[in-house]
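The exercises below ask you to read a set of geometric features out of a model and to justify each classification. Work through every task on the structure before turning to its solution.

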Amino acid sequence: MTYSLFSLAREALRGHTGWKPAWRDAAPKPEYDVLVVGGGGHGLATAYYLAKEHGITNVAVLEKSYIGSGNAGRNTTIIRSNYLLPGNERFYEKSMQLWEGLEQDFNYNAMVSQRGVLNLYHSDAQRDQYARRGNAMRLHGVDAELLDEAAVRDMYPFLDYANARFPIRGGLLQRRGGTARHDAVAWGFARGADTRGVDIVQNCEVTGIDVANGRVTGVQTTRGAIRAKKIGLVCAGSSSRVAAMAGLRLPIESHVLQAFVSEGIKPLIDGVITFGAGHFYVSQSDKGGLVFGGDIDGYNSYAQRGSLPVVEDVMESGMALMPAIGRLRLLRQWGGVMDMSMDGSPIIDRTPIDGLFLNAGWCYGGFKATPASGWCFAHTIARDEAHFINSAFRLDRFATGALIDERGAGATPNLH
Amino acid sequence: MRIPCPHCGERGNEEFFYLGAADLTRPAADAPADAWHEYVYQRENPFGPHKELWHHLNGCRRWLVVTRDTRTHTIIAAADAAGARA
Ligand SMILES: Cc1cc2nc3c(=O)[nH]c(=O)nc-3n(C[C@H](O)[C@H](O)[C@H](O)COP(=O)(O)OP(=O)(O)OC[C@H]3O[C@@H](n4cnc5c(N)ncnc54)[C@H](O)[C@@H]3O)c2cc1C
Ligand SMILES: [Zn+2]
């Protein structure tokens with residue numbers, strides 16, 4: 001069923017009784033050409049682009065819980081392409097371009113909203129650093145504007161400009177950045193993949209990876225064994241566990257990131273604002289709640305919940321940026337487990353095992369990457385080689401020294 | 001989460017600084033690049049008990065080896081690093 005103004009009108013007239021489920025809840029078949037392990041945004045996007053761009057439709061997405069139950073449905077929904085390093089910037093800009101046409105492409109309302117992402121700076125040194133990043137973006141043909149304090153005041157008069165410790169001096173604005181509805185992104189890709197013949201198999205946990213003579217042959221799951229010629233692992237947060245089933249050790253630690261939503265208020269923040277003197281980012285959802293987050297908890301964890309000291313830390317950063325936030329009540333708080341890679345950048349690559357591919361290490365920034373990650377991973381799986389766009393995201397870069405350390409923090413995953 | 005420091009007793013984790021896995025052995029300076037790659041970048045990242053280094057920065061300033069379950073944050077053991085790693 002195609003969604004359109006016409007289908008909406010027709011359903012309105014018949015009391016919305018004709019809507020069909022957006023995808024089939026498939027049972028696994030014994031064999032596929034390609035298995036995608038992990039039904040988050042990236043896994044579903046991978047299946048979608050395998051079918052759409054490469055005509056590979058004998059594909060199943062295996063998800064241990066329900067699709068979007070992981071980070072796809074837990075993130076703060078910020079999308080942007082404001083990176084400094086070439087290996088990153090070309091990739092995130094590809095993602096931004098895919099976001100811009102995504103809803104028409106998969107015929108689903110993902111509520112992509114290019115409301116602008118503003119990174120605040122608080123010192124001369126930080127301004128220079130932002131100018132450098134903005135220039136790097138513009139050299140890649142990406143939009144970036146360096147704003148002074150007056151221009152930021154114009155946009156957001158309620159911030160604490162006179163903060164004695166961290167006065168706001170200006171910001172780096174990417175107008176094409178913004179937010180998207182995270183669940184809808186997962187659902188849209190699921191629907192698009194399903195329509196093209198992909199099986200989406202839920203409640204199907206992969207418990208083993210079968211390898212014979214250096215080549216994958218299939219997986220063991222809680223719903224039986226499934227054979228396949230190629231397998232793509234896309235298990236954000238659980239990548240080390242799943243890769244270990246094939247004997248691989250990864251340059252990754254799993255860490256928890258929390259998110260927060262306030263009670264709903266009238267429109268206040270019409271873009272995304274990030275604090276430059278602490279880790280804090282905030283936007284406002286269409287329901288009116290302020291959606292915000294900060295640092296990761298900082299120690300290895302597979303518990304999908306956060307700890308109290310970080311709650312306090314995030315609230316303090318929020319208060320330093322916009323004291324008005326102190327008048328709001330917090331409605332909800334949750335945590336998600338993410339792969340923190342050793343240089344803060346992702347991996348989309350083949351592995352030393354033939355037919356086994358890895359998509360991992362998204363840290364806390366992988367939602368914005370969803371379309372391009374799926375697009376590049378599909379290419380890598382279909383062609384057995386990386387596309388130029390993901391060619392820097394190699395698994396062996398930690399051995400060769402070609403790291404992509406955007407933050408410059410070294411091999412300390414909890415600092416990226 | 002509260003960490004039972006062997007010197008100070010049970011203290012909130014915000015008093016501590018986390019470094020990561022405690023069971024990595026630093027290779028000799030002239031060890032092959034492979035050994036350094038393993039040590040610097042590759043991690044076990046276990047789903048379950050994890051031996052890790054915590055610095056009681058805002059307490060006794062001793063390094064501790066803490067064994068903690070990464071699924072539940074239950075602390076199984078905590079000892080001074082000097083003794084634990086010897
Ligand atoms: C609180 C929070 C806020 C964030 N905010 C942002 C943001 O504002 N902007 C941004 O760009 N990014 C953000 N991120 C990061 C982003 O959400 C992730 O990088 C991204 O969602 C990861 O890709 P995914 O959607 O495929 O992950 P997931 O949705 O986690 O998908 C992985 C799936 O694999 C499944 N799986 C695991 N093991 C197995 C197995 N053995 N068998 C079968 N299935 C398995 C899991 O159940 C899960 O559904 C945030 C993350 C968190 C936690
Ligand atoms: Zn102590």
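**Exercise 1.** Decide whether A:N203 is buried or exposed, and describe its backbone and its place in the chain.

*Solution.* In this predicted model, the relative accessibility of A:N203 is 53%. The class exposed begins over 50%, and A:N203 therefore counts as exposed. Turning to the backbone, phi of A:N203 is near 50°, which is a positive value in a residue other than glycine. As for its place, A:N203 belongs to the loop that links β8 (199-201) to β9 (206-212) of chain A.

**Exercise 2.** Carry out the analysis for A:M111, stating its phi, its location and its accessibility class.

*Solution.* A:M111 is not a glycine, yet its phi is positive, at about 50°. The residue sits in the loop between α3 and β4 (117-121) of chain A. With a relative accessible area of 34%, A:M111 falls between the limits of 20% and 50% and is therefore partly exposed.

**Exercise 3.** Determine which residues distant in sequence A:I353 touches, and classify its burial.

*Solution.* Begin with the location: A:I353 is part of the loop between β17 (347-350) and β18 (356-360) of chain A. Its relative accessible area is 11%, and since buried means under 20%, A:I353 is buried. Leaving aside residues up to four places away in sequence, A:I353 touches A:V211, A:G214, A:R215, A:V216, A:A246 and A:L248. For A:V211, the C-alpha atom is separated from that of A:I353 by 8.0 Å, although the two residues are 142 residues apart along the chain.

**Exercise 4.** Describe how α3(A) and α9(A) are oriented to each other, and list the residues that make their contact.

*Solution.* Two packed helices are described by the angle between their axes and the distance between the axes. Here helix α3 (residues 86-106) and helix α9 (residues 370-383), both of chain A, have axes that come within 7 Å and cross at roughly 110°. Angles of 65 to 115 degrees count as roughly perpendicular, and α3(A) and α9(A) are therefore assigned to that class. On the side of α3(A), the contact is made by A:F91, A:K94, A:S95, A:L98 and A:W99, while α9(A) supplies A:T370, A:P371, A:A372, A:S373, A:W375 and A:C376. Sorted by class, this contact has 7 nonpolar, 3 polar and 1 charged residues.

**Exercise 5.** Identify the donors of the zinc ion (ligand 2), derive the geometry of the arrangement, and place B:C5 and B:C60 in chain B.

*Solution.* The donors are the SG atoms of B:C5, B:C8 and B:C60 together with ND1 of B:H56, and they coordinate the zinc ion (ligand 2) at 2.0 to 2.3 Å. The 4 donor atoms subtend angles of 104 to 116°, and the arrangement is therefore tetrahedral. The ideal angle for four tetrahedral donors is 109.5 degrees. Along the sequence, the donor residues follow the spacing C-x2-C-x47-H-x3-C. B:C5 lies in strand β1 (residues 2-5) and B:C60 in the loop between β4 (49-55) and β5 (63-69) of chain B, so the pair ties together parts that are 55 residues apart in sequence. B:C5 is buried at a relative accessible area of 4%, whereas B:C60, at 27%, counts as partly exposed.

**Exercise 6.** State the order of the elements in chain B and how much of the chain is buried.

*Solution.* Chain B holds 2 helices and 6 strands, which run β-β-β-α-β-β-β-α from the N terminus on. Of its 86 residues, 42% count as buried.

Key. Residues are numbered from 1 along each chain as its sequence is written. Chains are lettered from A and ligands numbered from 1 in the order in which they are written. This is a predicted model: local features need pLDDT of at least 70, side-chain atom pairs count only at pLDDT 80 or more; totals for chains, interfaces and linings use all residues. Side-chain values use heavy atoms; hydrogens and water are left out. Axes are lines fitted to C-alpha atoms, for helices over the stretch in contact, and angles run from 0 to 180 degrees between N-to-C directions. Helices (H or I, at least four residues) and strands (E, at least two) are DSSP runs, numbered from the N terminus. Angles under 35 degrees count as roughly parallel, over 145 as roughly antiparallel, 65 to 115 as roughly perpendicular and the rest as oblique. Contact means heavy atoms within 4.5 Å. Ala, Val, Leu, Ile, Met, Phe, Trp, Tyr, Cys and Pro count as nonpolar, Asp, Glu, Lys and Arg as charged, and the others, Gly among them, as polar. Donors are N, O and S atoms within 2.8 Å of the metal (3.2 Å for Na, K and Ca); water is not among the atoms, so sites may look incomplete. Four donors count as tetrahedral if all angles lie between 85 and 135 degrees; four count as square planar and six as octahedral if opposite donors are over 155 degrees apart and all others between 65 and 115; anything else is irregular. Buried means under 20% relative accessible area, exposed over 50%, partly exposed in between (1.4 Å probe, protein chains only).
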